[in-house]
Protein chains: 2
Amino acid sequence: MAKFKLDEVDHQILDMLIENTRIPFTDIAKKLLISAGTVHVRVKKMEEAGIIIGSSLTLDYGKLGYSFIAYVGVFLNKTSQTTFVLERIAQIPFVTVAHVTTGKFNIFCKIRAKDTNHAKNIIFLLDDIEGVYRTETMISLEESINDKKRLMHSIFQDLV
Amino acid sequence: MAKFKLDEVDHQILDMLIENTRIPFTDIAKKLLISAGTVHVRVKKMEEAGIIIGSSLTLDYGKLGYSFIAYVGVFLNKTSQTTFVLERIAQIPFVTVAHVTTGKFNIFCKIRAKDTNHAKNIIFLLDDIEGVYRTETMISLEESINDKKRLMHSIFQDLV
DNA sequence: GGTGAAACTTCTAATAA
DNA sequence: TTATTAGAAGTTTCACC
């Protein structure tokens, strides 16, 4: 996987777009003292290079009534069942992330729910999947850090 | 926390914007057979209500050379040190998410790194924080599910 | 609530430097 | 690679349903 070289201007553009994808290119151009056309060309290049995959809204799920977050570690009877179990997990609503992992768990999920009772139902669905031996739940009491901009800065400082 | 009522049209608008925040309102309007002005007003209302917090780019960090993902559980000597330790964690680069959790760990982090060696350095920084008793790392072999659209659908089906 | 059209802003691609 | 430019496209407002 070839590494794409980002220069300072690319970094600044990404920085602003990570914070707000709808910021006009003209605004970015003004701040960086370049032309809007340049911003356009650079963004297009990063899209073509596959650096920028897409864009998404950030929603306040709490305001919609879904403020419960938990991580669920899944233990399997046999590792060979991983693919099968993942397919089943993909059918369960409110599972937002799933990773195959080394270490303690075989599969590691993140769920978002209304409350503990709602979460219980989701976890029961996970437990019920054939091949799942047991699960272990960690409830999030507080999401302290969740910042894409931080990662971008870490990467850019690292690359320099 | 008051729950905001989303109707079918709001849901469809969010659905399209979650997939691509830069899709023109005129396109959304065409697909939903409403006017662009209506889309604009609805989005504005959801922004004012705090449902839509912002928008962000999705980047391929792998293409930038950062394809290593791990979850790190942190054990503390005393729970009362949580705030202090979180402040320290916030200083460590490449830690992208941190939660205070119940269950096995006191704090739960997600990190993104270049490779195992790079990750090791990050984990050592976590281990070195005063009050951290030990850490436990789970390396992601594969991110199988990571889909905001799924969550939106789960929520909307639940609300109906 | 929503519409449609006007006024305004931004995007985008071609040209030129 | 970047700037300029100009026509196309998108956004936003508002009088009127």
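Me: How far apart are the end C-alpha atoms of helix α6 (residues 148–159) of chain B?

Reply: This is a predicted model, where local features need pLDDT of at least 70, side-chain atom pairs count only at pLDDT 80 or more, and totals for chains, interfaces and linings use all residues; side-chain values use heavy atoms, leaving out hydrogens and water. Residues are numbered from 1 along each chain as its sequence is written, and chains are lettered from A and ligands numbered from 1 in the order in which they are written. Helices (H or I, at least four residues) and strands (E, at least two) are DSSP runs numbered from the N terminus, and the expected span of a helix is 1.5 Å times one less than its number of residues. For the 12 residues of α6(B) that gives 16 Å, which agrees with the end-to-end distance in the model, 17 Å.

Me: Which elements of chain B do the buried residues of α6(B) pack against?

Reply: Buried means under 20% relative accessible area, exposed over 50%, and partly exposed in between, with a 1.4 Å probe and protein chains only. In α6(B), B:Arg150, B:Leu151, B:Met152, B:Ser154, B:Ile155 and B:Phe156 are buried. Their contacts (heavy atoms within 4.5 Å) take in β1 (52–59), α4 (82–89), β3 (95–101) and β4 (107–113) of chain A, and in chain B, α1 (8–19) and β5 (132–146).

Me: At what angle do α1(B) and helix α3 (residues 36–48) of chain B pack?

Reply: Happily, the residues that meet can be named: B:Val9, B:Asp10, B:Ile13, B:Leu14 and B:Leu17 in α1(B) meet B:Val39, B:Arg42, B:Val43 and B:Met46 in α3(B). Axes are lines fitted to C-alpha atoms, for helices over the stretch in contact, and angles run from 0 to 180 degrees between N-to-C directions. The two axes are 11 Å apart, and the angle is about 85°.

Me: Is A:Met46 buried or exposed?

Reply: A:Met46 is found in helix α3 (residues 36–48) of chain A. Leaving aside neighbours within four places in sequence, A:Met46 is in contact with A:Phe4, A:Leu6, A:Asp10, A:Ile13, A:Leu14, A:Ile51 and A:Ile52. With a relative accessibility of 1%, A:Met46 counts as buried.

Me: What is the relative accessible area of A:Asp10?

Reply: A:Asp10 has its place in helix α1 (residues 8–19) of chain A. Not counting residues up to four places away in sequence, A:Asp10 touches A:Lys5, A:Arg42 and A:Met46. A:Asp10 is buried, and its relative accessible area is 8%.
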